[in-house]
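Please open the model in your viewer and keep the selection panel at hand, since this tour moves from one residue to the next.

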Amino acid sequence: MKKRVIRAEEFEVVDAVGNVRLRIGLSTDESPFFSMLDPDGQVRARFGLSADGSAGLAIGDEHGKVRATLGLSSDGSASLAFGDKNGRIRAKFGLAPEASPTLGMQVRSGDLHQVYSLAEQGSPTMGLYDKSGKVRVRLGLAAEGSPILRLLDQDGELRAVVGLAGDGSPFIQFMDEQKAPTWTMR
C-alpha cells in the first residue's frame, strides 16, 4: 500500500459545533507546536519545540494561566515547575546539564525568571517561593551530603539554617542582615 502525505502549514481539529479543539502547526519563528483547547477556545495544554532545540509542555487552567510546565532546554537542563492560580511559579525542580540537581527563580523588574544553574555545592536542592516569587525555603544536601534546611527572609536573604554537620551532629544557626551568625547551637 502506498503511503499518502497531506501537507499544510497548520491543522485544526474541530468538535461537532465547529470549535477548534486541537491545533498542530508552526509558530511565527517556524517552531512546531501541538495545542489542545477547551470548548471555549482556551489553550489548556501545549507542547512545542523552540528554534534553539529546547522542548516544553505547558498546562494551563480554564482562565489561561499556566499552572505546570515540563521542559528540556537546549543545554540539556530539565525542569518541572508549578504555578499558582495567578500563573506565578511557586515551586520548581530541576536538573542541570551536568546532572547536578538545581532549581531557581529570580525576580527582575517585577517579572519572574527561571534560573538554570548548579546549586552551590552541586548537590540536590528544592526551593519554595512566596507569592511575589522570592525563594523563602531551600531544602537540600550540603557538599558532604548532610541534610540542610535554609530559611530566607522576604528579600531572599539567608536568616536561619537547620541541619546536620558532617559528623552527624545537629545544629541551628541564625544570621543577621549582614549574614553574620548571631546565634549557633550544636
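A residue is called partly exposed when its relative accessible area falls between the buried class, under 20%, and the exposed class, over 50%. Bear in mind throughout that this is a predicted model.

Begin by selecting W183, which has a relative accessible area of 39% and is therefore partly exposed. Add F174 to the selection: its relative accessible area is 37%, so F174 too is partly exposed. By the ring-centre rule there is 1 aromatic pair to be counted, and it is formed by F174 and W183, which are stacked with 5.3 Å from centre to centre and 20 degrees between their planes.

Next, select G56, a residue of strand β5, which spans residues 55-60. G56 has a relative accessibility of 26% and therefore counts as partly exposed. Which residues does G56 touch, leaving aside those up to four places away in sequence? They are R46, F47, G48, L70 and G71. Of these contacts, R46 deserves a separate look: it is 10 residues from G56 along the chain, and the two C-alpha atoms are separated by 8.0 Å.

Stay with R46 and bring F33 into view, where the charged end of R46 sits over the ring of F33, at 4.1 Å from the ring centre.

Finally, move to S132, which is found in the loop between β12 (125-129) and β13 (135-141). With a relative accessible area of 43%, S132 is partly exposed. Select R90 alongside S132 to see two residues that are 42 residues apart in sequence, while their C-alpha atoms are 9.0 Å apart in space.

Terms used: Residues numbered from 1 in each chain as written. Predicted model: local features only at pLDDT ≥ 70, side-chain atom pairs only at ≥ 80, totals over all residues. Heavy atoms only, no water. Helix = DSSP H or I, 4+ residues; strand = E, 2+ residues; numbered from the N terminus. Buried < 20%, exposed > 50% of the residue type's maximum accessible area, 1.4 Å probe, protein only. Contact = heavy atoms within 4.5 Å. Phe/Tyr/Trp six-rings, centres within 6.5 Å; stacked < 30°, edge-to-face > 60°. Lys NZ or Arg CZ within 6 Å of the ring centre and 35° of its normal.
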